[in-house]
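Here are a few notes on the charged pairs in this one, jotted down as I went through the model. Have a look at the structure, then read on.

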Amino acid sequence: MTARERSLRLPAELMSVREGRRFARDVVVEWGLRRLVDEVQLGVSELITNAVRHAQTDVELCLRLLDDRLSVEVRDFEPTLHRPAETRAADPLATSGRGLQIVAAVSRDWGVRGLTNGKAVWFALDLPDLASPDADVYPLVARGTDGAAGHPSDEADGAAEGSADRSMPARAVN
């Protein structure tokens with residue numbers, strides 16, 4: 001796969017978050033990486049919001065598709081490079097302050113680098129295995145004559161009808 005790159009410059013206003021999210025979604029879908037849309041949009045939202053709120057300059061959103069990853073970068077033009085806050089227990093009622101923790105949670109890696117005229121905050125995602133089906137392609141409707149829902153792995157493994165159910169019951173997580 002050859003490297004591809006797309007970028008968009010946005011004004012320093014909160015409406016840029018929505019425009020950046022839409023641009024990123026469209027590019028990722030165009031590149032055939034629909035499975036990464038949620039993570040990309042979430043990361044883009046957090047990084048553009050931080051740049052607009054803290055740097056208060058125009059921002060540039062850049063997506064790069066490389067051989068093994070998708071890199072997303074948000075550049076601002078404020079030369080002060082602040083060290084990201086240390087990970088700490090967040091106030092459960094706080095409405096902000098978790099953006100970089102969210103980016104770290106959904107990405108392979110992330111970082112901040114100083115530029116001559118500003119800084120760039122970036123994150124990278126592993127490319128999905130496009131040979132395996134995505135979870136949302138499996139129908140959640142009953143199959144077969146007995147109305148029991150089969151498992152895609154049953155069919156792929158050639159499992160006989162009436163084989164043991166290998167599923168695990170769902171649990172509520174608090």
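1. Starting with the layout: going along the sequence, the order of elements is β-α-α-β-β-α-β-β-α. That gives four helices and five strands. Keep in mind that this is a predicted model.

2. Some overall numbers. The protein has 174 residues, and 30% of them count as buried. Its accessible surface is about 11500 Å², with 51% of that belonging to carbon and sulfur atoms. If you take contacts between residues at least 6 apart in sequence, 60% of them join residues at least 24 apart.

3. Now the charges. How many salt bridges does a search of the whole structure find? The count is 12. As a reminder of the background, side chains of opposite charge can pair when their charged atoms come close.

4. Take Glu30 and Arg6, whose side chains form a salt bridge at 2.9 Å, N to O. Glu30 sits in helix α1 (residues 15-30) and Arg6 in strand β1 (residues 4-10), so this pair links distant parts of the chain, 24 residues apart. Glu30 counts as exposed because its relative accessibility is 53%, and the cut-off for that label is over 50%. Arg6, at 31%, counts as partly exposed.

5. Arg69 and Asp68 are another pair, with their side chains meeting in a salt bridge at 3.1 Å, N to O. Arg69 has 29% relative accessibility and is therefore partly exposed. Asp68 is partly exposed too, with a relative accessible area of 38%.

6. The pair I'd look at on screen is Arg113 with Glu73, a salt bridge at 2.6 Å, N to O. Arg113 belongs to strand β4 (residues 109-115) and Glu73 to strand β3 (residues 69-76), so the bridge ties together parts that are 40 residues apart in sequence.

7. Is Glu73 buried or exposed? Glu73 has 3% relative accessibility, so this residue counts as buried; the label applies under 20%. Its partner Arg113, at 36%, counts as partly exposed.

8. Arg113 and Glu73 also belong to a network of salt bridges. Which other residues are linked in this network? They are Glu5, Glu60, Arg64 and Arg75. When you go through the 12 salt bridges, it may help to display this network as a group.

Methods: Residues numbered from 1 in each chain as written. Predicted model: local features only at pLDDT ≥ 70, side-chain atom pairs only at ≥ 80, totals over all residues. Heavy atoms only, no water. Salt bridge = Lys/Arg side-chain N within 4 Å of Asp/Glu carboxyl O. Helix = DSSP H or I, 4+ residues; strand = E, 2+ residues; numbered from the N terminus. Buried < 20%, exposed > 50% of the residue type's maximum accessible area, 1.4 Å probe, protein only. Contact = heavy atoms within 4.5 Å. Areas by Shrake-Rupley, 256 points an atom, 1.4 Å probe, with all protein chains shown as cover.
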